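Trainee: Got a minute to go over the domains in this one with me?
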Amino acid sequence: MAPAELTGTSTALLTDHYELTMLGSALTDGTGDRDCVFEVFARRLPNGRRYGVVAGTARVLDAIADFRFTDAELTQLEQTAVVDSDTLSWLADYRFTGDIDGYPEGELYFPGSPILTVRGTFAEAVLLETLLLSILNHDSAIASAAARMSSAAAGRPIIEMGGRRTHEMSAVAAARAAYLAGFATTSNLEAGRRYGIPTRGTTAHAFVLLHDSEEAAFRAQVAKMGADTTLLVDTYDITKGIETAVRVAGPELGAIRIDSGDVGVLARKAREQLDALGAKDTRIMVSGDLDEHAIAALRAEPVDAYGVGTSVVTGSGAPTAGMVYKLVEVNGRPVAKRSEHKASRGGRKSALRRHKPTGTALEEVVYPTGKPPERGEHDRELMIPLMRSGQPVDDLPTLEDGRQRLRRGLVSLPWEGLKLSHGEPAIPTTFS
């Protein structure tokens, strides 16, 4: 038989076969109804990272709302004999009715931080493992890389422009995560439509090559976009390109973009040339395989904005956050994996962050829920309610809230924690 058509809305099959294997067995022996707590955490940060950034929580809640087995999904499972008829009937009525708490988007996390806790029956909660991890691991990896880049840029705007370097739907999620982490704009129009992120775009070398001369290309762009546009000046000779750009647009030219070569040296020469031509307010944007280290190296150069693509949408060397989804409690009883290399801590947990009176973060304290440690004056609880009885809670933080939260969080880190060099996490995690 032909495979069923995808519905385009259900997220139910964005999962692994083994989730349904566990489900069927648990329903058969009666353990599927046991009350359970699952926890999302990272055992360690990616190599070289000193903090992580939580991202994707809002997308998780949307994905859970769409986790429904419609006729199309049920037909697919039946035709491929993934589950038996009893399990298929159970799935037809599936709705997640449990509770979820977690770190809000834009919050920093560290090894062992209980980023998300999912409470419900085993049958309800186990099905969400792959979906939750795929979103949180991707978005948090992108946001963590983007935050490092934003810090390195020291207030200069960055445009996310990596849509051509990753899967088309990953590009939309990556644009959102980068914006959460401090990027100013994105080139991705779907991200702009879906999440209200400001979009920007210049031109490619193809536009210059299309015309009979560089000057003709610049005149066409200025005629359409006005003198405040950004002209790409390195298709041929940068020095001649800048001269032509200012001649065409006048000293009111908005910006030039340099996309190749030693952009630091070229930016310096470009600034001198622009100033000499009277275009003292014309900005310089650079792009071309930039990452946080390249941006940091350009800090002393006359660069006004950056365009970042490949490195941000691939997590700049850490494409996953390494988060896991582990069962930590069954019917109120703590349970934990005891493997020598992959041990976990049982029981539902909460977390707070201790700070000095100056606001500098000291440590992450993870404790059994319901047994909080003695609170200090400057301690801050980290987890918030996200879902109750299967429904998102009211007044959840917005994307803009997340941007502000991350900004405050980065300011609170000890200065060593913002270094791009390898080192220990910015603050230690203590388990009480």
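Mentor: Sure, let's talk about how the domains meet.

Mentor: This is a predicted model, where local features need pLDDT of at least 70, side-chain atom pairs count only at pLDDT 80 or more, and totals for chains, interfaces and linings use all residues. Residues are numbered from 1 along each chain as its sequence is written, and side-chain values use heavy atoms, with hydrogens and water left out.

Trainee: Okay, how is the protein divided?

Mentor: Into domain 1 (3-142 + 318-431) and domain 2 (157-314), with bounds from an automatic or database domain assignment. Their centres, taken over C-alpha atoms, are 37 Å apart.

Trainee: And how many residues are in contact?

Mentor: 19 residues of domain 1 touch 19 of domain 2, contact being heavy atoms within 4.5 Å.

Trainee: What area is buried between them?

Mentor: About 1,500 Å², with carbon and sulfur atoms giving 65%. Buried area here is the accessible area (1.4 Å probe) that two parts lose on being put together, summed over both. On the domain 1 side, I142, L399 and R403 supply 43% of the area buried against domain 2, more than any other three residues.

Trainee: Switching to charges, what is the salt bridge count between the domains?

Mentor: The count is 1, a salt bridge being a side-chain nitrogen of Lys or Arg within 4 Å of a carboxyl oxygen of Asp or Glu. E105 forms a salt bridge with R176, and their closest N and O atoms are 2.8 Å apart.
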